[in-house]
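The following exercises concern charge pairing, burial and model confidence. Each task is followed by a solution in steps.

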Amino acid sequence: MSQRLTTSPFLHNNSSVQKLMLQIQLAALPALLTHIYFFGLGITIQWTLAVLTLLVVETTMLKLRNRPVMPYLSDLSGLITVTGIVFCIPPESPWWLVVSAVTFALIFGKHLYGGLGYNPFNPAMLGYAFVLISFPAEISHWTLPSTLSGHTLSFIDSFHLIFYGHIPSLSLDQITGATPLDAIKTGLTMGKSVTDSLQSHLFYLDALPYGWTELNIAFLVGGLYLLSRNYIRWQYPVGFLLALGGMSAIFHAIDPNTYASASVNLFSGGVMLAAFFIITDPVTSSTTPKGRFIFAFGIGVLVFIIRNWGAFPDGIAFAILLMNLCVPLIDQYTKPRVMGYK
Amino acid sequence: MKTQLIKWLTKIYPIAKRALKKFHGGVFPSYYKELSSRHTTLQTSLPKELILPLNQHIGAEDLPLVAMGDKVKKYQLIAAADLKNLHAPIHAPASGTITAIEYRQLPHTSGLTGLCIVITTDEQQVEQTNPLNFPAKKGDACQPNTPQALKDIVYQAGIVGMGGAGFPTFAKIPNVKGKIQTLIINGAECEPFITCDDVLMQQHASEVLSGAQIIAKALACPSIIAGIEDNKPLAIKAMKQAAHKFENIQIQPLLTIYPMGGEKQLIKELLNTEIPAGTHAIDSGILMMNVSTLRAIHQAINLGRPLISRLITVSGLGLDKPFNSEVLLGTPFEQLVEQAQPKSALNYPLIQGGPMMGFEVPNNQVPVIKTTNCILANPPQTTETTMPCIRCGECMDACPINLLPQQLYWYSRSHEFEKVEKLNLFDCIECGCCSFVCPSHIPLVQYYRFAKSEIKTAKIEQQKANLAQKRHENKLAREARLKAEKDARIKAKKEAIKQKALLKAANTDEDASAPTKIKKSPAVAAAEKAAAMRKKKLTQTSQYPIDTQTQTQTEEMSKKPALSAREKAIAAAKKRSTQTKSNVENSAEKRKRKAQTASNSPSVIETAEQKAIRRAAELAKNMKKKALAEKNRVEKQTNNAPEDHQLTTSQNTGTGTQDKSVIEKPIANKRAVAMQAAKERAAAMKAKKLAEALQTKNEKIE
């Protein structure tokens with residue numbers, strides 16, 4: 001398809017979709033390493049599974065859609081999707097969970113709409129939401145950080161857990177447990193105040209969730225790199241974190257027993273992953289500068305609402321999908337002022 | 001303070017550099033300016049042949065003022081157009097002979113050919129003295145003090161916007177003094193590769209500023225600002241030095257960002273004002289001139305020289321020795337590029353203008369024209385595969401107009417041109433920033449050009465359609481008016497005849513008393529009616545077959561038979577009126593005779609009446625007979641006709657599927673005949689009834 005340039009401009013800044021996606025993938029590396037450090041090597045198996053699924057599904061779908069396979073497979077956009085999913089699902093969840101999530105994400109979230117650039121919903125979040133609703137039990141068993149459970153899972157252990165569902169020496173209950181956000185949520189339903197929940201071993205003394213804080217910081221570091229290189233726009237993380245942090249700060253000040261502090265909210269769950277890697281997906285977000293901020297801000301508000309008043313401990317996937325729906329409306333009303341017009 | 005902060009920010013967030021200027025967007029391409037600027041300006045040899053297109057500007061094509069074989073002198077006026085049309089005259093850049101006036105390839109993006117004057121140069125190089133017809137006394141006399149004087153000289157020198165637009169400069173200059181508050185000297189030169197303005201400012205700074213000064217004086221413009229990008233430190237230095245000699249000239253270094261040299265962008269940057277959409281800079285009291293244009297104005301006014309040469313850059317990655325040079329207009333591109341020592345054979349198209357907004361020339365023999373600022377020889381590059389738009393918004397961040405290129409692309413692609421227009425497509429300056437940054441390598445500018453041309457074509461089509469519709473409506477109105485006039489005329493005539501007849505009757509029938517007339521008229525009317533009926537029938541029968549055939553014809557066509565029918569009716573009415581006239585005359589005569597024999601008038605009236613009745617009755621009888629005969633004929637025909645004919649007749653309305661061509665005609669005929677018969681019968685009945693009624697009435701009177 002490459003041909004000679006015949007019309008101006010005859011120059012290009014040498015950017016490409018592939019390079020952009022690769023940079024985003026590289027920026028997720030610190031988080032991957034942190035994840036491995038705290039939750040074991042399970043994620044590498046999940047990631048491999050996800051990539052294999054990606055290759056099969058993408059190739060099949062592109063063939064079915066009569067599209068050239070190589071250019072679209074090598075744009076690496078699918079890689080970002082599977083990375084988003086892999087970081088969301090528990091590292092020792094059964095193998096079919098990640099396979100079905102990725103399959104659903106790519107088929108229903110991407111290719112059925114016409115592939116890259118045409119999907120209204122964030123494919124990663126669509127795939128994750130699908131398994132979150134369909135298999136709630138499997139999703140809720142998150143591996144405990146090895147220092148908390150006292151068991152360090154080897155690669156073989158993780159392999160056994162993922163493919164056979166058990167390992168000979170240990171019972172599943174010993175190594176998996178609730179996530180910090182789960183703990184707060186269940187604590188509240190049992191009449192335990194948030195301050196009491198924060199006393200549990202899942203949290204540091206200063207109430208930051210153990211392991212998750214580091215993971216979120218790793219995402220933040222990668223995200224700041226992306227931001228400085230202008231691969232992502234500042235409106236997304238700023239809008240999102242401002243809304244979530246601001247709302248939690250306000251409600252925490254009103255009622256500290258029901259609402260966790262801003263720092264707990266910002267450094268738990270997939271907040272930083274979402275802020276820098278998920279909601280920054282340009283295809284499914286608003287395209288105007290103001291619109292991006294509104295989009296991100298809306299997600300922050302919805303995440304807070306779902307976390308505190310909804311049924312799910314973490315509502316990022318649903319918040320993003322809901323705001324994806326609003327994108328055409330936001331775009332319509334946030335057109336920038338064109339030069340020369342009042 | 002703010003700039004300091006932004007400068008610090010650029011260290012960790014490079015793209016923040018965009019915030020250092022006042023307009024939105026912009027890109028930072030690789031400039032390659034050192035390619036051509038590091039070499040000194042070159043003296044190019046006199047070309048053997050100069051090709052001068054007659055349209056080197058925006059506006060009408062010039063007409064040649066010379067003929068084949070004519071000897072021309074340097075600076076001689078060789079082409080101009082009617083003053084009514086926007087144009088700029090063309091002068092001979094060198095002396096020589098006109099060897100051709102023919103169509104040649106133009107240095108234009110369309111690839112079109114255009115009429116060119118070809119001069120074969122000679123050795124002597126004879127110059128025309130005083131080519132701009134200045135008054136004999138040189139010096140201050142030539143300095144224009146009014147806008148009109150300035151415009152005259154600028155027009156005569158054939159000066160156009162030399163930054164690339166090619167708009168005749170005289171047309172840009174306002175007619176009144178004091179309208180312009182700021183004259184901006186555009187020395188930004190933001191396109192990569194091009195350095196001719198840079199060199200011009202370095203070498204001829206005082207000429208540029210003198211040109212600006214002349215304009216400012218003539219227009220009573222209080223301030224002059226020169227904007228120069230800060231990647232030209234030597235030019236800024238030279239201009240600043242030269243500016244000391246003049247008043248009110250300010251040299252302003254600018255951030256190096258593309259497209260700083262765009263008119264709207266430069267105005268925003270220098271004066272922080274936005275030119276409202278749909279208006280020109282002049283309307284805001286701002287006049288902008290390129291440095292080359294200003295130098296040309298200086299040369300015209302101070303040296304009396306028309307525009308015959310310009311400084312251009314010959315550069316590109318495919319050349320070993322790129323250079324800048326003062327080149328005669330009409331010099332073929334290839335000759336100049338050969339002088340720059342191409343690295344490989346020139347088997348690729350050259351680019352006129354810069355790499356961001358220039359275009360590939362259709363062939364490398366095209367000449368340098370007034371708007372050529374750069375010839376670029378970049379070996380062909382391959383584009384990367386175009387990927388789908390991912391709405392990343394890079395283009396939006398780069399757009400210097402603050403448009404939404406991604407949305408424009410989306411709607412251009414789906415041909416939703418209304419939406420494209422709503423997104424202000426026509427404010428797009430096609431600077432190419434969006435395509436430059438697009439990670440999906442989408443040729444965005446091409447889409448916008450396509451959308452623009454589609455919308456323009458559609459608008460022209462719409463205008464044409466509107467005009468045609470209006471014309472058609474006017475035609476209909478005219479026809480209706482003519483018809484109405486005709487009808488009125490006929491009516492008036494009819495009235496006149498009637499009046500005349502009545503008058504005549506009154507004159508001749510002296511004895512006849514008033515009641516006779518009244519009583520007589522119904523009988524006459526009955527006769528008239530019968531006659532009219534007959535006529536009507538006739539017209540209808542003649543019309544009928546046409547009607548069945550003209551089902552698919554257009555409105556206009558279908559009006560024709562109706563019109564003819566009406567005409568026939570009118571003719572019938574005319575006939576009727578003459579008939580009545582004769583009738584009245586006849587009866588009057590008869591009455592006269594009767595009156596002579598009979599002694600009392602009532603009997604006369606009676607006989608007259610009776611006569612009328614009798615005539616009516618006779619008429620009715622005749623009609624009856626006729627109808628009967630007709631009926632018999634029809635019956636005979638139907639009897640003679642084959643059986644299936646009858647079948648289709650009963651089925652009616654010609655829906656019969658078999659052998660229409662054979663069947664339809666007899667059916668139509670038969671139907672027509674039947675209808676005629678029926679109508680005649682009805683008419684006869686009516687006449688009979690009328691006659692009877694009259695009789696009873698008469699009886700009653702008796």
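**Exercise 1. Salt bridges between the chains**

Determine how many salt bridges the structure holds over all chains, and characterise the pair formed by Glu394(B) and Arg233(A).

Solution. The model is a predicted one.

Step 1. Over all chains, the total is 16 salt bridges.

Step 2. One of them joins the side chains of Glu394(B) and Arg233(A), with an N to O distance of 3.4 Å. This pair crosses between chains: Glu394(B) belongs to helix H10 (residues 394-398) of chain B, while Arg233(A) sits in the loop between helix H14 (212-228) and helix H15 (235-254) of chain A.

Step 3. The cut-off for burial is a relative accessible area under 20%. Glu394(B) has 16% relative accessibility and therefore counts as buried. Arg233(A), with a relative accessible area of 6%, is buried.

Step 4. A network of salt bridges links Arg233(A), Glu394(B) and Asp397(B).

**Exercise 2. Two further pairs**

Establish which chains hold the partners in the salt bridges of Arg307(A) and Asp331(A), and whether the residues are buried or exposed.

Solution.

Step 1. The partner of Arg307(A) is Asp314(A), and their closest N and O atoms are 3.0 Å apart. Both Arg307(A) and Asp314(A) are buried.

Step 2. Asp331(A) pairs with Arg391(B), where the closest N and O atoms lie 3.3 Å apart. Here the salt bridge crosses between chains, from helix H19 (residues 316-333) of chain A, which holds Asp331(A), to the loop between strand E16 (374-376) and H10 of chain B, which holds Arg391(B).

Step 3. Asp331(A) and Arg391(B) are buried.

**Exercise 3. Enclosed helices of chain A**

Explain why helices H5(A) and H12(A) are described as largely enclosed.

Solution.

Step 1. In H5(A), 12 of the 12 residues are buried, so the helix is largely enclosed by the rest of the structure. The buried residues include Ser77(A), Ile80(A), Phe87(A) and Cys88(A).

Step 2. Helix H5 (residues 77-88) of chain A spans 17 Å from its first C-alpha to its last, close to the 16 Å expected at 1.5 Å a residue.

Step 3. In helix H12 (residues 180-189) of chain A, seven of the 10 residues are buried, so this helix is likewise largely enclosed by the rest of the structure. Among the buried residues are Pro180(A), Asp182(A), Lys185(A) and Gly187(A).

Step 4. The buried residues of H12(A) pack against helix H8 (136-140), helix H13 (194-197), H14, helix H16 (262-266) and helix H18 (289-309) of chain A. Just after H12(A), Gly191(A) adopts a positive phi of about 85°.

**Exercise 4. Leu482(B) and its setting**

Locate Leu482(B) and classify its exposure.

Solution.

Step 1. Leu482(B) is part of helix H14 (residues 444-508) of chain B.

Step 2. Its relative accessibility is 46%, so Leu482(B) counts as partly exposed.

Step 3. Leu482(B) and Ala60(B) are 422 residues apart along the chain, and their C-alpha atoms are separated by 43 Å.

**Exercise 5. Confidence in the model**

Assess which stretches of chain B have a pLDDT below 50.

Solution.

Step 1. Chain B has a mean pLDDT of 82, and 77% of its residues reach 70 or more.

Step 2. The pLDDT is below 50 over residues 543-560 of chain B, a stretch with seven contacts in the model beyond near neighbours in sequence. It is also below 50 over residues 641-664 of chain B, where the corresponding number of contacts is 15.

Step 3. Where pLDDT is low, the predicted coordinates should not be read in detail.

Step 4. The model scores are ipTM 0.90 and pTM 0.76.

How values were computed. Residues are numbered from 1 along each chain as its sequence is written. Chains are lettered from A and ligands numbered from 1 in the order in which they are written. This is a predicted model: local features need pLDDT of at least 70, side-chain atom pairs count only at pLDDT 80 or more; totals for chains, interfaces and linings use all residues. Side-chain values use heavy atoms; hydrogens and water are left out. A salt bridge is a side-chain nitrogen of Lys or Arg within 4 Å of a carboxyl oxygen of Asp or Glu. Helices (H or I, at least four residues) and strands (E, at least two) are DSSP runs, numbered from the N terminus. Buried means under 20% relative accessible area, exposed over 50%, partly exposed in between (1.4 Å probe, protein chains only). Contact means heavy atoms within 4.5 Å. pLDDT is the predictor's confidence in each residue, from 0 to 100. The expected span of a helix is 1.5 Å times one less than its number of residues.
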